[in-house]
Amino acid sequence: MFAHFGPNTFTGREWGLGTETEDIFNPTALDCSQWTAVAKAAGFKGVIITAKHHDGFCLWPNPVSQHTVAQSKWQDGKGDVLKELSAACEKDGLKFGVYVSPWDRNDPYYGSPEYNDVYVRTLQSALGSYGKVFEQWFDGANGEGPNGKKQEYDWDLFHKTVLDLQPDAVVFSDVGPGCRWVGNERGIAGRTNWSRLDIEGYEPGAKAPSTDTLNCGNVHGARWIPAETDVSIRPGWFWRESENDKVKSVRKLLDIYHASVGRNSLLLLNVPPDTTGRINSADSLRLMEFRAALDKIFKENLADGAKVKASATRGSRFNAANILNNEYDAFWAAPDEARSATLEITLPQEKTFNLVMLQEYIPLGQRIKAFTVEAQDASGQWREIASETTIGYKRIAPVEKTTAKALRVNIKDSFACPVINGFGLFLDEVN
């Protein structure tokens, strides 16, 4: 879960000016435990907070800034959102992540070499004081314009700072190095989505790869930098009262899920707290409806109990039945020389479905570059119901509503012998 929170929550802006008075930030009933309770109930695995957005305001008492909660009247200048949220995450078993914008519209050093040192000390404060951080989010935005301040960011130094303090953290930006922006804010990963990316000569922001490249990755990319798909539950990223009736529908959220999680990406859904410092009921209720819909759709794998045979198998340890045994490290593998193969799944009885799920065993890399799915009708004829490219960690292929007792997965081409560790059939009938 993304949590955009700060002065913009109170001004209604998306990008703050940096000139807002510190006292504008004044949540009346901040309750990070409510955020994490909602997040946990909705099935999120972690929370990433906008610790410092482009306006430069810090949600913690950053010692190298005069534009922080310490200069505000909120909690008499003794408040610390990062402290409260990190503690709430630990209590509820959620991961804790931070967004720290490199662009800063308030800091007097921005636009000079000295700013890089200020920013490093900002990272040290945010990453070194609140326990384990699972993800550091670097936004490449900069709206200064052609006549604005020019800041040459020292990205190597920034990355080293993060990993010195949080060696296990995933570092997000347009070019990683941990994971990459998916190239849009609509919640849609590429229908073809490789987890590899070429980053030589690129940087976050204006020097990033094209959005098309970010959306689908590079098939032979030099680095493993999978996509992360960010989208807001509302039209904007920060809470506005005028958008309380514009929260995305359950149907829209499910379509986003299928097009992100279902396309080899992580979904980062923004749920912005309101001016009280709590997640608004409009958002929390929708999240519970979303969770209930996901639970209903994915509660039962309609392929359970099926018999599976493969056109070729490496050996008994890697037999085709492994794709349905729910053990992550058990998988079907074709022989070394194979670059194509067919898996035939015979169900115990006819089932009706409109989602087909496949998973590659990612510890051995992303290999498959084209596959089709066929269903056998009552007369015994095979009919193609899906034709796709990549699978990756997880592929959920929406298909027309189909009733069948047998299916074939035809792996048309692969860079190495294909390995599959998950298969599922599901029915999504949410309107």
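Select Ser 173 to begin; its place is in strand 5. Helices (H or I, at least four residues) and strands (E, at least two) are DSSP runs, numbered from the N terminus. This is a predicted model, in which local features need pLDDT of at least 70, side-chain atom pairs count only at pLDDT 80 or more, and totals for chains, interfaces and linings use all residues. Residues are numbered from 1 along each chain as its sequence is written, and side-chain values use heavy atoms, with hydrogens and water left out.

Is Ser 173 buried or exposed? Ser 173 is buried, with a relative accessible area of 0%. Buried means under 20% relative accessible area, exposed over 50%, and partly exposed in between (1.4 Å probe, protein chains only). Now show what Ser 173 contacts, leaving aside neighbours within four places in sequence: Phe 138, Cys 179, Arg 180, Trp 181 and Pro 204. Contact means heavy atoms within 4.5 Å. For a long view, add Lys 309, which is 136 residues from Ser 173 along the chain. Their C-alpha atoms are separated by 42 Å.

**The loop after strand 5**

Select Pro 177. It is found in the loop between strand 5 (170-173) and strand 6 (179-181). Look at the peptide bond from Gly 176 to Pro 177: it is cis, with omega near 15°. Most peptide bonds are trans.

**Cysteines**

Go on to Cys 179, one of the contacts of Ser 173. Cys 179 is buried, at a relative accessible area of 6%. Which cysteine sulfur is closest to that of Cys 179? It belongs to Cys 216, 17 Å away, too far for a bond. Jump to Cys 32, also buried, with a relative accessible area of 2%. The closest cysteine sulfur to that of Cys 32 is in Cys 89, at 8.2 Å, which is too far for a bond. A search of the whole structure finds 0 disulfides; a disulfide is a pair of cysteine sulfur atoms within 2.5 Å.

**Arg 196**

Select Arg 196 in strand 7 (residues 196-197). Arg 196 counts as partly exposed, at 31% relative accessibility. Measure back to Cys 179, 17 residues apart from Arg 196 along the chain: the C-alpha atoms are separated by 9.7 Å. Not counting residues up to four places away in sequence, Arg 196 touches Arg 180 and a group that includes Gly 217, Asn 218, Val 219 and Trp 224.

**Helix 2 against helix 8**

Colour helix 2 (residues 32-42) and helix 8 (residues 281-298). Their axes come within 9 Å and cross at roughly 20°. That makes helix 2 roughly parallel to helix 8; angles under 35 degrees count as roughly parallel, over 145 as roughly antiparallel, 65 to 115 as roughly perpendicular and the rest as oblique. Axes are lines fitted to C-alpha atoms, for helices over the stretch in contact, and angles run from 0 to 180 degrees between N-to-C directions.

Show the side chains that make the contact. Helix 2 gives Val 38, Ala 41 and Ala 42. Helix 8 gives Ser 284, Leu 287, Met 288 and Arg 291. Residues three or four places apart in an α-helix point the same way, because it has 3.6 residues a turn.

**Helix 4**

Select helix 4 (residues 114-127). At 1.5 Å a residue, its 14 residues should span 20 Å, and its end C-alpha atoms are 20 Å apart, which agrees. The expected span of a helix is 1.5 Å times one less than its number of residues. In helix 4, 10 of the 14 residues are buried, so it is largely enclosed by the rest of the structure. Among the buried ones are Tyr 115, Asn 116, Tyr 119 and Leu 127. What covers them? The cover includes strand 2 (46-52), helix 3 (81-92), strand 3 (95-100), strand 4 (135-137) and helix 5 (155-165).

**Two positive phi values**

Move to Gln 75, in the loop between strand 2 and helix 3. Its phi is near 50°, a positive value in a residue other than glycine. Gln 75 is partly exposed, at 38% relative accessibility. Asp 76 lies in the loop between strand 2 and helix 3 as well. Asp 76 has a positive phi of about 55°, and counts as exposed at 65% relative accessibility. Most residues other than glycine have a negative phi.

**Last stops**

Select Pro 363, in the loop between strand 13 (341-360) and strand 14 (368-376). Pro 363 counts as exposed, at 53% relative accessibility. Finish at Asn 410 in strand 16 (residues 395-414), which is buried at 9% relative accessibility. Beyond neighbours within four places in sequence, its contacts include Ala 341, Phe 371 and Glu 374.
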